[in-house]
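Please open the model in your viewer and keep the sequence panel beside it, since each stop on this tour begins with a selection.

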Amino acid sequence: MKFESGDFVGIVDLAMSSIWTRYREVRKMSRLARWNSPGMQPGTLVQAVGEADPRSTLVAPFSGRECVSYRVDLREWDDGTHCEFLTAVSVAPFYVRTQAGTVIFNPMHCVAHLSGRAEKGDTINDPSQLAAFFDVHAVAASEWKDGSRRSFRWKENILKSGDLVQVAGRLGRSIDNAGLSTYREPPSLPSISGPESVLVVKAA
């Protein structure tokens with residue numbers, strides 16, 4: 001399943017992924033109990049480490065790569081230099097396959113740190129591509145379309161299927177949509193979500 005324009009994709013609260021910010025998040029997450037520890041109750045703050053397995057997929061807006069999550073850094077050419085214009089992140093819900101089992105990560109309001117090698121692109125020449133991207137990320141046309149010829153370039157980091165991730169948040173349960181057509185009673189799986197939730201892509 002792929003998300004199309006207009007579908008909910010879980011726009012996340014953005015944290016600038018500086019090395020220091022990411023380090024602090026990882027340190028804080030590492031102090032939490034690992035998911036599937038004995039006696040763990042719903043509502044407990046937990047962490048899980050494993051491979052990302054998509055429940056549904058996103059398409060990175062400029063490279064067209066299929067992914068679970070993307071981060072786009074958009075820069076504008078201004079007076080001979082590029083300056084930061086916008087950073088945007090989207091995350092779709094996904095499974096985390098751990099050694100202890102499978103947990104669902106629900107990313108609404110999570111803080112996402114996507115690292116690794118980024119793909120960089122040339123100047124965006126298609127106004128409709130820019131317009132579609134800004135529409136998804138709620139950027140008003142007046143903020144980028146002022147009648148002048150403006151030059152933008154993009155850089156993308158993605159989380160793809162099989163990448164090693166560390167997630168943290170409140171423990172709960174979520175309906176597993178993969179089983180809706182085969183079970184009379186929809187199956188559910190443990191889930192991690194909530195306003196404290198964090199996603200970090202780890203180096204394999």
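Two strands are said to pair if DSSP finds at least two bridges between them, while helices (H or I, at least four residues) and strands (E, at least two) are DSSP runs, numbered from the N terminus. This is a predicted model, in which local features need pLDDT of at least 70 and side-chain atom pairs count only at pLDDT 80 or more, whereas totals for chains, interfaces and linings use all residues. Residues are numbered from 1 along each chain as its sequence is written, and side-chain values use heavy atoms, with hydrogens and water left out.

**The whole chain**

Begin by colouring the protein chain by pLDDT, the predictor's confidence in each residue, from 0 to 100; the mean is 78, and 76% of the residues reach 70 or more. Select residues 1-17 and treat them with caution, for pLDDT stays under 50 there, although the model has 46 contacts for them beyond four places in sequence, a contact being heavy atoms within 4.5 Å. In a cartoon view the protein chain shows 2 helices and 14 strands, and of its 204 residues 41% count as buried, where buried means under 20% relative accessible area, exposed over 50%, and partly exposed in between (1.4 Å probe, protein chains only).

**Strand 3 and its partners**

Next select strand 3 (residues 45-54), which runs parallel to strand 2 (residues 33-34) and is joined to it by 2 bridges; here arginine 34 has glutamine 47 of strand 3 as its bridge partner. Add strand 13 (residues 164-175), which pairs with strand 3 in the antiparallel sense over 7 bridges, with valine 49 partnered by glutamine 166 of strand 13. Then add strand 8 (residues 94-98), also antiparallel to strand 3, over 4 bridges, and look for alanine 52 opposite valine 96 of strand 8.

**Salt bridges**

Keep strands 3 and 8 in view and show the side chains of arginine 97 and aspartate 53, which form a salt bridge with the closest N and O atoms 2.8 Å apart. Because arginine 97 lies in strand 8 and aspartate 53 in strand 3, the pair ties together parts that are 44 residues apart in sequence. A salt bridge here is a side-chain nitrogen of Lys or Arg within 4 Å of a carboxyl oxygen of Asp or Glu, and a search of the whole structure finds 6 of them. Arginine 97 is partly exposed at 36% relative accessibility, and aspartate 53 is partly exposed at 24%.

Move on to glutamate 119 and arginine 65, whose closest N and O atoms are 3.2 Å apart in another salt bridge. Glutamate 119 lies in strand 11 (residues 119-123) and arginine 65 in the loop between strand 4 (58-59) and strand 5 (66-67), so this pair ties together parts that are 54 residues apart in sequence. Add Glu156 to the selection, and you have a network of salt bridges that links Arg65, Glu119 and Glu156.

**Helix 2**

Finally, select helix 2 (residues 127-136) and show Leu130, Phe133 and Phe134, which are buried. They cover an arc of only 95° around the axis, taken from the directions from the helix axis to the C-beta atoms, which puts them on the same side of helix 2. Which strands do the buried residues of helix 2 pack against? Display strand 6 (69-78), strand 7 (81-91) and strand 12 (151-159), and you will have the strands against which they pack. Just after helix 2, stop at alanine 138, where phi is positive, near 55°.
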